[in-house]
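Please look over the sequence and the coordinates that follow, and then read on for a guided account of how the chains meet and of some local features within them.

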Amino acid sequence: MTTEGTQRKIIHIDMDAFYASVEQRDFPEYRGKPLVVGGSPEGRGGVVATASYEARKFGIRSAMSSKTAQRLCPEAIFVFPRFDAYKAVSNHIREIFRRYTDIIEPLSLDEAYLDVTMDKKGIGSAIEIATQIKDAIRTELQLTASAGVSINKFVAKIASDMNKPDGLTFIGPSRVEAFMEALAVEKFFGVGKVTAAKMKSMGLHTGADLKQLTEAEMIRHFGKPGKFYYLIVRGIDNRAVQPHRETKSVSVEDTYQDDLITKETMLPELETLSGRLSKRLERHGLKGRTVTVKFKFHDFSLMTRSLSLSEWINDHESILDAVKIILEKATLHDKRVRLLGVGLSNFDQQHTDEKQLKLF
Amino acid sequence: MRFIVSSSTLLKNLQLVGGIISSNTVMPILENFLFELKDNTLTITGCDLETMIKTKLDVQTELGGEDNNGKVCVTSKILLEYLKNLPDQPITFNINPKDYTIEISSNSGKYKIGGEKTDEYPKEPNPENANTLTLPSIKLVEAINKTIFATSSDTLRPAMTGVFFEMNESDITFVATDAHRLIRLAYTDITPSVTGNFIVPRKPLQQMKNWLPNDDSAISLSYTDTHLFIKTNHTSLNCRLIDGKYPPYRAVIPAENPFMLTINRVDLINALRRVSVFADKSTSQVVFDIVGNTVTLSAQYTDFSYEGNEKMTCQYNGEDMKIAFNAKLLVEMLNNIEGEEVALELSIPSRAGIFKPTEKVEQEDLLMLLMPLMVNI
């Protein structure tokens, strides 16, 4: 939150090639080599989670299938992720952040926003804080991070990506508008391939082009996000750094070595996933009413099917019951399934259900 | 196949049957009406995966003609839309038995629909070894009206998503519950002379409510292990029964709630509607604070500092008590009880309250039960 007249100081920290860097730190034999953390290229299930900078030179990118990655760089080393190790590093990084501020919004294990408008140490300069955080990460963890410093989340995030790896980019208040004007539309948060193509077909290539449109025109062409783009090209992004983001949904998924073809073969996998989901929900003390099953087919097309219940649940059995109903009703057209996911949402915020007494 | 029919009569019958047809079905054939012509009787069928409705009407055919028999599937959407826009007049249907083309002629023009063959249309289930009873139509309509609203929408407990029918030698009982409330309605003047029970899904009950006559005309009700069959003179319905065990409802009805509160029903409904405006939206909680012959209804929504209070007079013979109910559920129940006053039987604040009409309808036993909300008072 900001009061009028005070400029916020926002830092976006992004670890460089996080999983791969942790592997290269822990296993010297991987250093200086193209390393891919993710699924195995054998069989045909895996995808790339993170590629080391050496591997990125060959065009290997996150979310690419491991098979493609191997074709691009046959000598690449493939290793499975060690989430426990990354989680431990992530906790350490957050501990470093907390030396400076408590307003931390983690986006994932390796990425977070920090609001340092009022930093704990009274340093005052966000650039100095970002430098100190980067130094602490380097000396305490032997890893590098890139930082973006600006007056709002949007600009800070784009800035952190500008001088990777080990970068620090500062876009000051006086430069924000000019920076946004020069920015290509596809760099805008939320602008995907489709919207970008639409913008380009309208002759809109940069922030400056977008600025020519009125707010009403932006909304007419791009719907609700249009308003966000309208403000953002003017350097206005009042989204607060949210330390306690409300959990909206929890889900688990698995990619399979061999495609699943029949519903009968999917059922035991869904049973396992439901159990994992239930454990996670119980750990977080969450109960939800909407169960969602996600199917990813061999052609990478996605389908999700949901079922909303009248009660809040989080136990394995109830989740599985709902999953079975969804599976039975789902029309899969005999398409081969490579990934299954089970999720729960629509959480019971106030535990209201506990108040209403029941007959059975 | 050729016949002449009044467009408004046809539309009325199509709408009766068409209520069950859904436009987004896994079996495209179910988006059709089935027309079957035999002599001068046209039978129209509509169905979804669990329910089938059939109705018969007289049409004009050529006496002794060769075209007086046949069947065809007609897409429901187009036909209904057309008839809704046509002023009442006789229209002629001409169906080519080879390619199922349907030609309709009216005073104003000619229309064509490509029909379909009927092989894939679901067959009527077999009512073999069915138990049968007859009852006045209005009784069944009332039983549906008074119970259906309390059924559950929880697909994980399918038995509770329907209404439970229970037949004994001496009476027939209808039960609905969603685990928070329970409605039990028994007719003692209907003697089924069979014993048995089954659960009917909500959708076919809704259909029955719409077409069963609101009078004493007799309807026949038959059931097998898997299906229910309802028949009036011209119309019949069959549906799949819910396969499941109904919860042990008798065990949860308190044998005796010693304290009785009597209060004007309509006044209570109105007061609840006003007070609940100020209640927590997620629980609709309204607290009944009963002291002597006064009950204070109160609701709070602390998030917004809303508060509502109303005092009402009542007759009460029990200990002073604070008990809370979900006002939304309660109003729904009170709306389905008849009479000027309603009796509320209570025991303790964590046990079910029983709601009954004070004026008993002869040979009808109606009980509504609502579980309270936990209050920290």
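How much area is buried between chain A and chain B, and what percentage of it do carbon and sulfur atoms give? In this predicted model, the area buried between the two chains is about 2000 Å², and carbon and sulfur atoms give 62% of that area. The size of an interface is often given as the accessible area lost when the parts come together. In terms of residues, 16 from chain A are in contact with 29 from chain B.

As for the elements involved on one side of this interface, strand β11 (302-313) and helix α13 (316-329) of chain A each supply at least two residues of the side of chain A that touches chain B. Sorted by class, that side of chain A has 7 nonpolar, 5 polar and 4 charged residues. Although charged residues are thus present on the side of chain A that touches chain B, the count of salt bridges between chain A and chain B is 0. For polar contacts, the rule finds 2 residue pairs across the interface of chain A and chain B, with both residues at pLDDT 80 or more.

Over all chains, by contrast with the interface, the count of salt bridges comes to 35. One of the pairs that meet in this way is E253(A) with K294(A), whose side chains form a salt bridge with an N to O distance of 2.8 Å. Because E253(A) lies in strand β9 (residues 249-260) of chain A and K294(A) in strand β10 (residues 288-297) of chain A, the pair ties together parts that are 41 residues apart in sequence.

Turning to the surface of chain B, a nonpolar patch of about 380 Å² is made by V277(B), F278(B), F304(B) and Y306(B). Of these residues, V277(B) has its place in the loop between α6 (265-276) and β18 (285-291) of chain B.

The backbone of chain A, finally, offers two details in loops. A cis peptide bond, with omega of about -10 degrees, joins K164(A) and P165(A), and P165(A) lies in the loop between α6 (153-160) and β8 (168-170) of chain A. Where in chain A is Q142(A) placed? Q142(A) is found in the loop between α5 (126-141) and β7 (145-150) of chain A, and its phi is near 55 degrees, a positive value in a residue other than glycine.

Definitions and conventions. Residues numbered from 1 in each chain as written. Chains lettered and ligands numbered in written order. Predicted model: local features only at pLDDT ≥ 70, side-chain atom pairs only at ≥ 80, totals over all residues. Heavy atoms only, no water. Contact = heavy atoms within 4.5 Å. Buried area = accessible area lost by both parts, 1.4 Å probe. Salt bridge = Lys/Arg side-chain N within 4 Å of Asp/Glu carboxyl O. Polar contact = N/O pair within 3.5 Å; in protein donor to acceptor, adjacent residues only side chain to side chain. Helix = DSSP H or I, 4+ residues; strand = E, 2+ residues; numbered from the N terminus. Nonpolar A, V, L, I, M, F, W, Y, C, P; charged D, E, K, R; others polar. Patch = residues over 30% accessible without salt bridge, like charges linked within 9 Å, V, L, I, M, F, W, Y side chains within 5 Å. Areas by Shrake-Rupley, 256 points an atom, 1.4 Å probe, with all protein chains shown as cover.
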